[in-house]
Amino acid sequence: MSSAEEATLPGSEHPVWAERVDDVLETLGSNRDGLSQADVEDRLERFGRNQLQASEEVSAWSILVDQFKSVIIALLAAATLVSFLLGELAEAAAVAVVIVLNAAIGFVTEVRAVRSMESLRELGRVETKVRRSGETRLVDAEELVPGDIVVFEGGDVITADLRLLEGHVAVDESTLTGESTPVDKDPAPVEHHAVLAERPPMLHKGTAVTNGSGEGVVVSTGMETELGRITRLVAEADQPETPLQQQLGRLGHKLLWLTLGIALVIVALGVLSGRDLRTTVETAIALAVAAIPEGLPIVATVALARGMKRMSERNVLIEKLAAVETLGSVSVILTDKTGTLTENEMVLQRLVMAGAEYRFGGGFTTEGEVTKDDGDASGDALLEEALRMAVLCTNATLGANPKTDAAGDPSEVALLMGGLKAGIHRQELIEDTPEVDEVPFDPGRRLMATLHRAGDGFFWAVKGGPEAVLHASSRISTPDGEHVLGPAEIEDWLDRNEKLAANGMRVLALARRNVDDRDADPYAEMTFLGLVGLIDPPRSDVGDAIRECHNAGIDVVLVTGDQPATASAIAAELAIDESGPALTGSDLASGDVDEQVLGETHVFARTSPEQKLDLITARQNRGQSVAMIGDGVNDAPALKKADIGVAMGERGTDVAKEAADVVVQDDRFRSIVDAIREGRIIFDNIRKFVMYLLSSNLSEILVVGIGSVLSLPLPILPLQILYLNLVTDVFPALALGVSPGDETIMNRPPRPQDEGVLTPTRWARIAGYGVLITIPVMVVLFVATRSLGLDDSTATTMSFLTLAFAQLWHVFNMSEEDDVIRTEITTNPWIWGAILVSGLLLLALMYIPPLSIVMEVVALEGYQWLMVLGASLVPLVVGQVVRVASRKNV
């Protein structure tokens, strides 16, 4: 079999939708009686089972291994090994604990997320009704082969790609094409270049029959179906690393070279100056340990994990930890329309009749006001007559609760609910005017009719496409009675139809015919009643969410399978784009649209999966970070290609959820915007704690290096550095990582995609803070040894504590607000808790003998504590003065 994209059978020059039914059967070597069992077995051997390639389940082992794929983790592992080889077992054990703790946190969090996602993807077995050797039977859908004759009716799921042989059916293709309403199918061939959404003779795997019945011949199975082709695109689509992964990776490589460089320099200087080798090596190890922010992996993992939890509370399920932050970098959102921006519920909004227009309020409810543009709608005979025909000519039912129990075509459900708003109940009408016959909807004629008894006669209630109903009508109902419907008036009504359609409405026409004979043609000499305008209305909170995106500098692009007029209308209403018509899949296929236009257009209709990939690539080539929102099978390749793929949880297909990084469980666009806000907060928090940890580490490097150069005692020992990096520094950093964030964060533009966690300005601040913390530590060490003549153990303890407390107070320098007293740092209760815990841990280190012996610290006298605390406050005071002064100069 050839690919589903062309679906051209061997021996044929045209795709199957352009071939006559008999020619298709002949080419497939089949007939109306179906294949024999021998044929089936032969074709199963040739073409394989009707299966899609299943993606591999993510194993717990692979998730665990991923936790160690980091340069920083590699550095920590190297530090552990060197300490072990040198006999520093306490240091080796301490670093090993960090590695294990970081891996455990990341592993548990990601396993929970992945298993939650996998629970959404469970599929059951499906059986299909086929005719083989003249007998109709049920078979496992996986056993279908090309040439099989499939029999189907309303409610059935199509399990292979079929060429319709006979029957007229309506099919829900929304998962494949994005079309929001059922599509009418007809056996007649169409042009060979027709796009997927415009192929009436074709029924595709994964779609559902909503109305009618028919037969079709299988033309493609498994990976050769349209669904299979999309599955292949998903597998081939590249999934880029998240910005955070890239930036932390770059940071890790810089730290790697910095660590190696420092160690080599210190060893070289020690050898050249003739110092004791063990002291030289100990100093080199101290510097190397100081250069590595051992707490960074733990803090980053915990911050992302907490962000994941907070998003899940907002109905946003994250599969990968790093995706939490990536949401914050989004600069463009490509979104579907149906169910995301709109309610995914058709409602009757307008009824246009001769001399009057009516509007229906209340949305998708049975309650709501019906108003007339030029008068009172209550007791309006013209309105009642039109609604009676609308609610009679239907196969839909509402049930006890229309929100959950309604069944049938969405447009027919909307007409029933519109009737109830005017006090017209179908069941009461059926009791007065029983239905005695029905002519099902004919996609060829685009008409449907039901016959009802009225006294001694009958009447046909008719609805259908406006053009079909108008051309079959000879009269029109008006406030002054009926009169002849002439050609000019028909043209006028067709213009009204186009105006309603241009406003994004699905338009149907209503008519009636009174007859004495129940066998009379329902579609002859009808009386035209009017036009109804149906719409899938925008969600109430979407407008505000889109405005918030625009304020945040985020482009919103509508990509839908709906008609161009519908797409343009909803885009204009929601202020996505008001510049003109949508670009269509046909426009893109023509090759006349360059990448610049793709990157600047905001509304696309009737697009194919490949074209969605092109749209994402065009935006990414402009340096934008792209979020793709989708729910259908046709969205899956784009979901994987985008920087962040977002699938819908309630109505999303399993294929879409599998390709996505994020699943929005309530299908609300508002939830996605909230997740972006949370992502921005998380990135800001990451930036703060990275600055905090690196400036603290830099101060450790400087005090050890300067102490070595000046032949002073080591200001801080390797195990003491580890204690600071792994214990006391981690708690303030964690508190920074869970900050609630700035309320104005969605008033900023997105950060550039190539902007790292640390910009040049922030690197300069890290250097400045590192020097600022170093100076008082070195002053205390110098005074303790040279002026006070204290022993090395006491001097080292004093410089160690000065550095430790200076780093604790330094957390307040991380604020970027103008105020000094009330900032996002000082109002964060976690910060105060972290300082209290870290302070107690430092005191425990001093006064609990086993710890003090291992850490080589001694008890201090009162004046020595005053020196330590006074010097440790210097970086905070100077830092705040400099920050306020620099703000005033801006």
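## Salt bridges

A salt bridge here is a side-chain nitrogen of Lys or Arg within 4 Å of a carboxyl oxygen of Asp or Glu. Arg668 and Asp541 fit that description, with N and O separated by 2.4 Å. The two residues come from distant parts of the chain, 127 residues apart: Arg668 sits in the loop between strand S25 (662-664) and helix H25 (669-709), and Asp541 in the loop between strand S19 (526-535) and helix H18 (542-551). Their surroundings can be described by accessibility: Asp541 is buried at a relative accessible area of 17%, while Arg668 is partly exposed at 25%. Please keep in mind that this is a predicted model. Under the salt-bridge rule, the count comes to 34.

Two other pairs are worth a visit in your viewer. Asp148 and Arg132 join their side chains in a salt bridge of 2.7 Å, N to O. This pair is 16 residues apart and links Asp148, in the loop between strand S2 (135-140) and strand S3 (149-153), to Arg132 in strand S1 (residues 127-132). Asp148 is buried, its relative accessible area being 0%, and Arg132 is also counted as buried, at 3%. In the other pair, the closest N and O atoms of Arg199 and Glu226 are 3.7 Å apart. Arg199 belongs to the loop between strand S5 (183-185) and strand S6 (202-203) and Glu226 to helix H7 (residues 226-236), so this salt bridge ties together parts 27 residues apart in sequence. Arg199 has 8% relative accessibility and counts as buried; Glu226 is buried too, at 2%.

## The fold in numbers

Stepping back to the whole protein, there are 33 helices and 25 strands. Of its 890 residues, 56% are buried. Among contacts with a separation of 6 or more, 70% are between residues 24 or more positions apart.

## Two helices that pack together

Helix H26 (residues 718-728) packs against helix H30 (residues 829-847) at an angle of about 145°, and the axes are 11 Å apart. The crossing of H26 past H30 is right-handed.

Which residues make the contact between H26 and H30? From H26 come Tyr723, Val727 and Thr728, and from H30 come Ser838, Leu841, Leu842 and Leu845. By class, the residues of this contact divide into five nonpolar, two polar and no charged.

## Helix spans and what follows them

Helix H28 (residues 760-787) contains 28 residues, and its span from first C-alpha to last is 39 Å, close to the 40 Å expected at 1.5 Å a residue. Just after H28 comes Gly789, with a positive phi of about 65°.

Helix H22 (residues 609-621) has 13 residues; here the span is 19 Å, close to an expected 18 Å. Many side chains can be inspected along H22: Pro609, Gln611, Lys612, Leu613, Leu615, Ile616, Ala618, Arg619 and Gln620 are buried. Following H22 is Gly623, which has a positive phi near 80°.

## Positive phi outside glycine

As background, most residues other than glycine have a negative phi. Ala575 is not a glycine, yet its phi is positive, about 60°. You will find Ala575 in the loop between helix H19 (564-573) and strand S21 (583-584), where it is partly exposed with a relative accessible area of 35%.

Glu856 is another non-glycine residue with a positive phi of about 60°. Its place is the loop between helix H31 (849-855) and helix H32 (862-872).

## Around Leu416

Is Leu416 buried or exposed? With a relative accessible area of 6%, it is buried, because buried means under 20%. Leu416 is part of helix H14 (residues 410-421).

Leaving aside neighbours within four places in sequence, Leu416 is in contact with Val391, Thr394, Ala396, Thr397, Leu398 and Arg426. For one of these, Arg426, the C-alpha atom is 7.3 Å from that of Leu416, the two residues being ten apart along the chain.

How values were computed:
Residues are numbered from 1 along each chain as its sequence is written. Side-chain values use heavy atoms; hydrogens and water are left out. Helices (H or I, at least four residues) and strands (E, at least two) are DSSP runs, numbered from the N terminus. Buried means under 20% relative accessible area, exposed over 50%, partly exposed in between (1.4 Å probe, protein chains only). Axes are lines fitted to C-alpha atoms, for helices over the stretch in contact, and angles run from 0 to 180 degrees between N-to-C directions. A crossing is left-handed if the near helix is turned anticlockwise from the far one by less than a right angle, and right-handed if clockwise. Contact means heavy atoms within 4.5 Å. Ala, Val, Leu, Ile, Met, Phe, Trp, Tyr, Cys and Pro count as nonpolar, Asp, Glu, Lys and Arg as charged, and the others, Gly among them, as polar. The expected span of a helix is 1.5 Å times one less than its number of residues.
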